Amino acid sequence: MSESEREQLQVIIKKGSDWRERERAQTILMLSESQTVVAVAEHQGVQPEAIRERRRKWWKNGLASLPDQPRSGAPSKLTDAHRSQLKEWIDAEPLNCRALVSRLTTECGVTISAGTLRNELKRMGYVWKRTRYSLKKSAIPNASSRLSKTSLN
């Protein structure tokens with residue numbers, strides 16, 4: 001291992017934002033210091049085969065093996081145009097997920113579940129906030145208003 005790679009690994013361990021990347025960098029450094037696979041696995045609390053896999057990926061790809069690779073999965077059902085339309089609807093009036101799903105289905109022809117929509121809205125930065133108290137005035141007058149009326153008479 002070159003000295004520049006060692007320095008880069010140390011920077012990743014100290015300042016890396018992803019804990020998985022920091023742990024992989026620490027694995028490679030420990031292995032470069034002639035520690036055994038079993039000792040590194042015990043120190044990090046993983047199986048020895050995981051350490052061997054990290055070492056194989058390091059030999060094959062070097063520093064590119066440290067960050068997570070893109071994961072497989074179904075492509076998003078919503079396009080950027082759908083997301084901008086959702087943003088317009090949400091900014092115009094407060095709607096729940098069911099109302100948004102039905103509008104997407106009728107106006108855009110996109111069929112998704114309410115859970116999928118909630119996940120997408122979360123990725124867009126929206127949060128659901130429950131209202132605890134109604135802004136409408138109560139039909140039953142409170143005690144302080146009764147006292148003020150009786151004291152005036």
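Helices here are DSSP runs of at least four residues, numbered from the N terminus; with that in hand, welcome to some close-up views of a predicted model.

**View 1. K87 and D91 pair up within helix α5.** These two residues sit four apart in the helix, about one turn. Their side chains meet in a salt bridge, with 3.4 Å from N to O. How accessible are the two partners, K87 and D91? K87 is partly exposed at a relative accessible area of 41%, while D91 reaches 51% and is exposed, because the cut-off for that class is over 50%.

**View 2. A salt bridge joins D68 and R24.** Here the N to O distance is 2.8 Å. The contact brings together distant parts of the chain, as the two residues are 44 apart. R24 belongs to helix α2 (residues 19–32), and D68 to the loop between α4 (48–61) and α5 (80–92). D68 is partly exposed, its relative accessible area being 31%.

**View 3. D68 also meets R71.** This salt bridge spans 3.7 Å from N to O. R71 has 67% relative accessibility and therefore counts as exposed, since that value is over 50%.

**View 4. Four residues share a network of salt bridges.** Stepping back from the D68 pairs, we find R20, R24, D68 and R71 linked together. Two of the contacts shown above belong to this picture: D68 with R24, and R71 with D68. For the wider setting, the count for the model comes to 13 salt bridges.

Note on methods
Residues numbered from 1 in each chain as written. Predicted model: local features only at pLDDT ≥ 70, side-chain atom pairs only at ≥ 80, totals over all residues. Heavy atoms only, no water. Buried < 20%, exposed > 50% of the residue type's maximum accessible area, 1.4 Å probe, protein only.
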